[in-house]
Amino acid sequence: MAAGNRTWKRPTVFGRRGVKWAVYAGIVGFFIWSGVGVGADPARIARGLGNSASLVGDFMPPSATPRQSQRILDKMFESVAMAMVSTLTGIVLSVPIAFMAAENLSPRPLYAVNRGFISISRAFNAIIVGIIAVKAIGFGPLAGILTITFKTVGFFSKLLAEDLEDIDMGSVDAVRASGASPIQTLLYGVVPQIIPRFAGLSVYRWDINIRTSTIIGIVGAGGIGSVLLTAFNRYDYQYVTAILLAIIAVVLVAEGVSAVVRRRYN
Amino acid sequence: MATDNREWERFDRRRRIGRFALVLVAAVAIIGSWRYMNTGIVRAETIPREVGDLLTRMYPPDVAYTTRIVQPLVETIQIAALGTLGALALAIPVALLAAENTTPNAVTFWLGKLIVTVSRSVNTIIWALFFVVLFGSGPLAGATAIVFRSVGFLGKLLGEEIEEINFGQVEAVRASGASSAQVLLYGILPQVKPALVGLSIYRWDINIRDSTVLGFVGAGGIGVQLFRAVNAFAWQSVATVLIVILGVVVATESLSAYTRALVR
């Protein structure tokens, strides 16, 4: 054809090639600046990785005295127990918040307040919530329950509210048109539409809560985390490995249970 | 119409018993859990008062503290960015191993799955404990912890994307005489590129939140300042840090949502 030696060039999403290179250069520059900022000096990384061989040796093989195994078991039960209780409390608290945070069911100011609460709950890592809960009410599993409940509310009400926003308002109107009171409208028009998702979400959150409950002991909020931190601080690395294996096992079982249950519901 | 008085029932008897049993098991598990726990001297009914008390101590936030947390905040963002970049670099080979259609053989497949599982089961803060031992305390340990935590997440989801690609295109590239590196570059990567970008941004968003706590084990970031303030019972400073974290998290979340909508 005419036009000479022009080769085909892939179109870019940025509109102009100059913009594209500017964006790429900006990203690369940012990463270099970050690398300098965190002190990612190649020599230091090499030295650290050189140490890793001997460190891995310290961690292997996993071992625990009978007393330590008993302690792992006790604290692991405590973790799971915390997750169980706080899944329930979290979900119970989430339901009203989810209804108030659903755009189609809730008046505007109430909607804003509840969305704000959800954002706050989601923004803070469980460890941060945990340390504040511990300072507020003292060490132990109750602080853990408070933490996980708070985190559950953010997650659960957000997703439940999104489901509520997606419901078919036609059936809600139909129930209302038949003369139902607001409560009855809720019970017969709204609730049946979200029950399947509700069950799936609950099990999913239970799974996440098990994971969280194995960690927050690090800040004193109950469960296996405290044992892990103590073992680390005592350089008892083989015991650390044993605890980690226990945590991985519990997390995998919870994930498996949750996956099976959710598949049956969908 | 029939004359019997049967009422409509939503579930037959077997399903009703099944549901009842499920609820019963859950109830027993939860009540058992509550009784198992040794809640110590803390009484559940005092929680609202104690929490309320703490919140009043946080007011008003100590605005002057803001100047002291700018640098750690920047560090947190850098940790999250570098961690995501490193994780992405490691996740691509892991995803290729963990995807059924690109993994060379069964052993590599299980190796890929193992890496994904271990990485995902160990929390960021535990990875950070490791790397603080390895690299000494500071943000480098934090960034490495983020890398090791994110590899599993990215490897798993990217692997699932790779399993769904159109393999015809891969074979077409191979048939034209491409080397395996070229097959990867021209056959596989273009098909998963939108997912790759979207997942990385999503993980970066999660990593910002995760890297706010790294300071607790000495792995850098804003957590250092936060936990220092908590230990000093400087609740007004704590409130400032929390508000700043909230602002950053909300900002990155909207940025992440916006960019992911662009690449989708």
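**Exercise 1. Which residues touch the most other members of the largest nonpolar core, and which helix gives the most to this core?**

Step 1. The largest nonpolar core has 133 residues, and A:Ile127, A:Leu228, A:Ile243, B:Ile125 and B:Ala128 touch the most other members. Such a core is a set of buried Ala, Val, Leu, Ile, Met, Phe, Trp, Tyr and Cys residues joined through C-beta atoms within 7 Å. A residue is buried if 20 or more other C-beta atoms lie within 10 Å of its own, exposed if 12 or fewer, and partly exposed in between, with C-beta atoms placed from the backbone.

Step 2. With 16 residues, helix H3 (residues 66–98) of chain B gives the most to this core. Helices (H or I, at least four residues) and strands (E, at least two) are DSSP runs, numbered from the N terminus.

This is a predicted model: local features need pLDDT of at least 70, side-chain atom pairs count only at pLDDT 80 or more, and totals for chains, interfaces and linings use all residues. Residues are numbered from 1 along each chain as its sequence is written, and chains are lettered from A and ligands numbered from 1 in the order in which they are written.

**Exercise 2. Which residues does A:Ile243 touch, and which residues of helix H9 of chain A are buried?**

Step 1. Not counting residues up to four places away in sequence, A:Ile243 touches A:Ile72, A:Ile224, A:Val227, A:Leu228 and A:Ala231. Contact requires C-beta atoms, placed from the backbone, within 7 Å.

Step 2. In H9 (residues 225–233) of chain A, the buried residues are A:Gly225, A:Val227, A:Leu228, A:Leu229, A:Ala231 and A:Phe232.

Step 3. Just after H9(A), A:Tyr235 has a positive phi of about 55°.

**Exercise 3. How many residues of chain A are in contact with chain B, and how do they divide by class?**

Step 1. Chain A places 46 residues in contact with 49 residues of chain B.

Step 2. On the side of chain A that touches chain B, H3(A) gives the most, with seven residues.

Step 3. That side divides into 32 nonpolar, eleven polar and three charged residues. Ala, Val, Leu, Ile, Met, Phe, Trp, Tyr, Cys and Pro count as nonpolar, Asp, Glu, Lys and Arg as charged, and the others, Gly among them, as polar.

**Exercise 4. How many helices and strands does chain B have, and what does its C-alpha trace span along its principal axes?**

Step 1. Chain B has ten helices and zero strands.

Step 2. The C-alpha trace of chain B spans about 80 × 70 × 35 Å along its principal axes.

Step 3. Of the 264 residues of chain B, 41% count as buried.

How values were computed:
Contact = placed C-beta atoms within 7 Å.
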